[in-house]
Each structure stands twice: as C-alpha cells, then as structure tokens.
Amino acid sequence: MKIAVIIPTYNERENIRSLLDRLLAVTKPLAHHQCTFIVVDDTSPDGTAQVVKAYRKTHPNTVLISGKKEGLGKALLRGMTYAIDDLGADAIAQIDADLSHDPTAFGKFVSALDNGSDFVIGSRYITGGSIPSNWGLHRKIYSVLGNAVVRYGLGFSSVHDWTGGYRLYRASYAKRLREQMNKYRGYVFQIAFLYKSILLGADVAEIPIHFSDRQFGHSKIAPSEYIRDVLTFVFRQRVKRAIYGPFLKFCVVGSIGFAINTIILEVLVTLGMHPAWGSAVGAECAIVSNFLLNNNWTFGTKKIAGIRLIRKFFQFNVTSLGAIFLQAGTVLVGTHLFGIQQYRWFYVPGVGFGLLWNYAMYSRVIWRQKR
Ligand code: GDD
Ligand code: MN
C-alpha cells in the first residue's frame, strides 16, 4: 500500500529533522507499505523549508510543498491533493511536526488499517491515552470540554477524540471530500473531515496516544477563532441533519400513513362496515405502510431484512401503542381539566407527543445503529 504522510509545518525548524528521522525509522520495517513524507510548509520565516530541502538530498521519499500561509486546514488540503494527484496514494496519514505525536505509535495505526478500519485516529481520551500531566487545570478542562462539545454535539459519541491531528485514513475519503473541505481553513478542518468521513460510512478505529507538550517553538492555534469555528460547525451540522435527516422523511412517511388510514376508513364505511372496525383496519394498513417505507427509506441505511423483519414489525406495532396512549392521555388530562368541548386543543399536542415518541422509538429502538 502507498501511504502518504502529511506533515504541516509553520516554524518547525528545530523539530522537523528529528520527526522525519523517527518516522523513517518506524516506517522502514513496514514491509508491505511504501511511505512518502509530504512536508507542507507555509514559507515559514524560520527557514523550515531549507532544513527539509537539505534533508531531501539524502532522503528521496521526502517531498516539500511550499505555499503561502492560509491556515492549517488549507495546508492539509494541499497535502491531500498532492497525495492523490501526484502520488496516487492508497492511504493518507497526518502528524503534527512538533513531536507532540509520538511517531513510534504509527505502526499501530497501520495495523488497524490493515485489519480493515477505514479511518484510524490517535486518541487522547480513551484508556491508555493522555494529555500532558503538566498542563494547568484550566487547559485540561478546556481540552476535555472542547472535545465533549464536539462529540456529543455532533451525536457520534462512540468516537472520543475529534480534534487531534494524528491520523491515518483511506485515500478514498480525501478524494470524495476534497472539494467540500475547501471552506475549512483553520484547525476545524480536522473535525469536519472526520465527521464527513463518518457520514460516508467510515469505520473508525482509535489508538490510544500520549500527547506531549512541544519542546521547541510554539503553538499556532488562535483559541477564539477556533472556538468560534467549532461551535459554528457543530451547530450548522445539527441543523442540517435535523432538516435533511431522517426526521423529515419520517414526517413524510407518517403523512402517507395518515392518508392511507383515512382513505381505507372512508371506503370501508361506504361498503357498510362499522367506522370503529374501518378505522382499525385503516390504522393497521397505515402501520404496515409506515413500517415498510421507514425501513426502506427513512432508516434505509440501517435496513432490517430476513426473519428479523417479522419480530421488528411486531415490536413496531407495540411501540405504536405508546403513541396512542400519549395522545389519548393528553386529551384525557386536557378534557378533565378544561371540559370535554376543549378536546381539539389537546388532540393537536397529543399527536405531537405521539410523533416524538414514535420517532424516538424508531431511531433508538427499532432501527438502532448496531455498532
Ligand atoms: N503549513 C501550516 N500552516 N502548518 C501549520 C499551520 C499553518 O497555518 N498552523 C499550524 N501548523 C502546523 C504546526 O507547525 C504543527 O506541525 C501542526 O500544524 C500543529 O500545530 P500546533 O500549533 O502545534 O497546534 P497545537 O499543538 O496547538 O494543536 C494541537 O491540538 C489541536 C486541537 O486538539 C494539534 O494536535 C492540532 O492538530 C489539533 O487540532
Ligand atoms: Mn503542537
């Protein structure tokens, strides 16, 4: 496998040689993989590029890409583009240049990819991983809290470290996402790229890493800009998912079910059936339609098939009873307090509670993601 390792640098003169040496030592024994190291430097004033140019003379598998400073995200994207277009890489890695990421862990990343994972991330927040113990309390809280906001905000809590820059992933994700990644110029790029890869179905593996403070140079992160970018990203994605996600489809399916229920009731009554029976038959037809449409469309990515379909259909009927109880209960409480004539005022919120109940049951119980 051809692996391209992207190393973004801005003023890393004192770190880059030592990082390259260590990475080379770690990757040499990987018999089935060829690694190329792409240093993406933004014309660092400290002369990082000169160090890399000198290094290249004795290490031809090192590449230098120079550009102007437009942010970490832009630098990573330039590295990805080179890895895809010029190297034809199968997998792409990235690592900070300041030795905060221990290169000796890289072998584990490669093994995870060899074992079938698509996106391997170094994780500070799982057992065996850590952030520097010498960090002050506020900095630790800031780091842990920031990650938690992203983790729970985006709603994929099974992934623990969203912001880190030590990764290895299949090049197909970079190919499919590179156009959309253009708008993430700063550090938020890391979060956005991981998130979009997960939406494409990437199987994520986490490798515990110890993050250590840099010894030379200083951090380039601009905290206020970073916080703003992260919060904006998380908020936008949540809204987008709410609008285009399963909830809208669920409502469309529900409306179709409602129409089926009504039509069948009217037809059966015309044919002479008692409305109570007609409405029961109609309701069950709507339930069948809802189940099939939700299974094939709303929750199509988690589609149930085979013999499980029967058990799940039964479960679907049982959970629907919950919605009926909620709706009837709301009307009962309302009419008890305000009189029987007021039932319409409670019927509408009752339907709303029933909808929410159904949606929660469908997404969390019936079509629960098996991970
Ligand atoms: N080419 C380029 N252009 N490189 C950059 C730029 C830039 O604008 N900004 C930062 N870098 C490089 C740095 O030289 C370093 O190799 C790496 O990107 C990480 O930058 P640091 O400045 O060392 O970041 P940090 O240690 O504060 O941030 C760490 O935590 C972030 C949040 O968890 C890193 O692990 C980041 O990757 C992570 O996103
Ligand atoms: Mn750093």
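A residue counts as near a molecule if one of its heavy atoms lies within 4 Å of it. Going by that cut-off in this predicted model, ligand 1 has 25 residues around it, and Glu12, Asp42, Asp96, Ser219 and Lys220 are the ones that come nearest. Sorted by character, the shell around ligand 1 splits into 10 nonpolar, 7 polar and 8 charged residues.

Now for the polar pairs. Oxygen atoms of ligand 1 turn up in several of them. One pairing, at 2.8 Å, is with a polar backbone atom of Ala97. With Asp98 it is the side chain that takes part: an N or O atom there is 2.8 Å from an oxygen atom of ligand 1. Tyr187 also joins in through its side chain, with a polar atom 3.1 Å from a ligand 1 oxygen. As for cover, ligand 1 on its own would expose 740 Å², and the protein buries 94% of that.

Where does ligand 1 sit? The site is the second largest pocket. As for secondary structure, the elements giving two or more residues to the shell around ligand 1 are β1 (2–9) and α3 (72–85).

Zooming out, the chain is carved into domain 1, covering 2–242, and domain 2, covering 246–366. The C-alpha centres of these two domains are 47 Å apart.

Technical notes: Residues are numbered from 1 along each chain as its sequence is written. Chains are lettered from A and ligands numbered from 1 in the order in which they are written. This is a predicted model: local features need pLDDT of at least 70, side-chain atom pairs count only at pLDDT 80 or more; totals for chains, interfaces and linings use all residues. Side-chain values use heavy atoms; hydrogens and water are left out. A polar contact is a pair of N or O atoms within 3.5 Å; within protein, one must be able to donate a hydrogen and the other to accept it, and residues adjacent in sequence count only if both atoms are side-chain atoms. Accessible areas come from the Shrake-Rupley method with a 1.4 Å probe; for residues, only the protein chains shown count as cover. On a 1 Å grid over the protein atoms alone, a cavity is a set of points where a 1.4 Å probe fits but cannot get out, and a pocket is an open set with protein on both sides within 12 Å along at least five of seven lines; lining residues have an atom within 4 Å of a point. A molecule sits in a cavity or pocket if more than half of its atoms lie within 2 Å of its grid points. Helices (H or I, at least four residues) and strands (E, at least two) are DSSP runs, numbered from the N terminus. Ala, Val, Leu, Ile, Met, Phe, Trp, Tyr, Cys and Pro count as nonpolar, Asp, Glu, Lys and Arg as charged, and the others, Gly among them, as polar. Domain bounds come from an automatic or database domain assignment.
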